[in-house]
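User: I'd like to go through this one by asking where each label comes from. Can you set the values against the cut-offs as we go?

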Amino acid sequence: MNLSNLIVPGKTIGIIGGGQLGRMMTLSAKEMGYRVGVLDPEANCPTAQVADWQIIAKYNDAEALMELALKCDVITYEFENVDVDALSKIESIVKVPQGSDLLSITQDRLLEKAYLEENNINIAPYATIIDLEDIRLAIDSIGFPCVLKTIRGGYDGKGQVVLYSEEDIPKCEFLLQTGICVLEAWIPFERECSVMVARNEAEEITVFPVVENLHRKNILHETIAPARIPLDVAEEVKRVAIVIAEKLELVGVLGIELFLTSTGTLYVNELAPRPHNSGHYSIEACTFSQFDAHIRAICGWPLPQVELLSPAVMVNVLGEQIEESLFQILLKPDWHFHYYGKGIAKLGRKMGHITILTKDIERTLETIEDTGIWE
């Protein structure tokens, strides 16, 4: 590693996407001395509120992306819905360390699954689905329950249908009208876990603690750090994370979601080629946050080995919970409150999160429940 590969403080980082992940990336980058520009169609988006400047344009606007490239020393993205072709065109103009290959793999569920299979990573049985007849044929090997997902887009439970019997097959017609889908076996998991892994161009890798995720209505509700799993399982998760990071030639941070069954079997469910909601706890609970690691990796800094300073629980604040959560500011001086600066509080929309450092995870989970906010 030498100074010529380092993007030094004072240079400009461009972020495609202006949501809360971009906002928290920016806060880390500013702390490290960088200037930050953001491209997003929404004026005064969460990232723009803390960045130095904004280009207001759609994510696939080739001219706007070129303008961003010419104004920046390095480009990153905070979500997957970036146009791969448009991004590949600016790679000759400016450094895009994450690259367009990683994006093209993680944007397409079928490509992602094929890639994981090739590298001997355990995943749920699946089938490619074009029409309803394909579902009927695939059920013989996959069985019920199972879940049909669009191969592109879809998050927080959107773009999917759970099938419990043959009677549910006709419900899939509307999803198939959007294009090719993937049918996955339903894994009867005991815990849903995730892990953040960071890698730089010098091939240094750091793995964050393995965490446990609790969902409500398909939206992440709470993250528990560290996960309540045996040590050997956590070590296996970390091994899988390193293999995936190496095989993808990752630069930046990658979120990996996994299912753990009662027999101790691990299945990789999904990859996210950027910081992840379940890594927010790291801002207070770790020696370095996932956002620090991401900025360091894309700017060519050496990567530290991240340690957990304290067990923690992170709870999301959705649109319908924000008003009540504000009262907790007066009642919970030890809680760490993060609000994202979004103008409209919609039902199910992530408006912020709260991180609680604790010596007693179970008691903290009860305290969160006792507020009556997250029912």
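User: What makes β3-β2-β1-β4 a sheet, and in which sense do its strands pair?

Analyst: The four-strand order β3-β2-β1-β4 forms an open sheet, with parallel pairing. Strands here are DSSP E runs of at least two residues, helices are H or I runs of at least four, and both are numbered from the N terminus. Two strands pair if DSSP finds at least two bridges between them. Take β2 (residues 35-39) and β3: they run parallel and share 3 bridges, so they clear that bar of at least two. One residue pair to look at is valine 38 with its bridge partner in β3, glutamine 54. In general, strands of a sheet pair through backbone hydrogen bonds, either parallel or antiparallel.

User: Before we go on, what sort of model is it, and what is counted?

Analyst: It's a predicted model: local features need pLDDT of at least 70 and side-chain atom pairs pLDDT 80 or more, while totals for chains, interfaces and linings use all residues. Residues are numbered from 1 along each chain as its sequence is written, and side-chain values use heavy atoms, leaving out hydrogens and water.

User: Back to the sheet: which strands stand at the edges, and why?

Analyst: β3 (53-55) and β4 (74-77) each have a single partner strand, so one side of each has no neighbour in the sheet. From one strand to the next, the twist averages 25°.

User: How do you know that helix α2 packs on that sheet?

Analyst: Helix α2 (residues 62-71) touches β1 (12-16), β2, β3 and β4, where contact means heavy atoms within 4.5 Å. The direction of α2 makes about 150° with that of β3. Such angles run from 0 to 180 degrees between N-to-C directions, with axes fitted to C-alpha atoms, for helices over the stretch in contact.

User: Now the helix pair. Why is α1 called roughly perpendicular to α10?

Analyst: The axes of α1 (residues 20-31) and α10 (residues 290-298) come within 8 Å and cross at roughly 70°. Perpendicular covers 65 to 115 degrees, against under 35 for roughly parallel, over 145 for roughly antiparallel and oblique for the rest. That makes α1 roughly perpendicular to α10. On the α1 side, Leu21, Met24, Met25, Ser28 and Ala29 meet Phe291, Asp292, His294 and Ile295 of α10.

User: What makes asparagine 213 count as buried or exposed?

Analyst: Asparagine 213, in strand β11 (residues 211-216), has a relative accessible area of 6%. Buried means under 20%, exposed over 50% and partly exposed in between, using a 1.4 Å probe and protein chains only, so asparagine 213 is buried. Beyond its neighbours within four places in sequence, its contacts include Glu192, Cys193, Leu220 and Ser278.

User: What joins the side chains of asparagine 213 and serine 194?

Analyst: A polar contact of 2.9 Å. The label needs N or O atoms within 3.5 Å, and within protein one must be able to donate a hydrogen and the other to accept it; residues adjacent in sequence count only if both atoms are side-chain atoms.

User: Why is β12 described as largely enclosed?

Analyst: In β12 (residues 219-225), 7 of the 7 residues are buried, so the rest of the structure largely encloses the strand. β12 pairs with β11 in the antiparallel sense over 5 bridges, and with β15 (residues 312-318), also antiparallel, over 4 bridges. Glutamate 222 stands opposite leucine 214 in the β11 pairing and has valine 315 as its bridge partner in β15.

User: What stands out in the backbone of the β11 and β12 hairpin?

Analyst: There are 2 residues between the strands, and lysine 217 takes a positive phi near 50°. Asparagine 218 is in the loop there, with a positive phi of about 65° although it is not a glycine. At 45% relative accessibility, asparagine 218 counts as partly exposed.

User: Where does isoleucine 229 sit, and is it buried or exposed?

Analyst: Isoleucine 229 is in the loop between β12 and α8 (231-247), and at 15% relative accessibility it counts as buried. Leaving aside neighbours within four places in sequence, it contacts Arg191, Cys193, Val210, Ala234 and Leu260. Proline 226 is in that loop between β12 and α8 too.

User: What kind of peptide bond joins alanine 225 and proline 226?

Analyst: A cis one, with omega about 0°. Phenylalanine 144 and proline 145 are also joined by a cis peptide bond, with omega about -10°; proline 145 is in the loop between α6 (132-142) and β6 (146-150).
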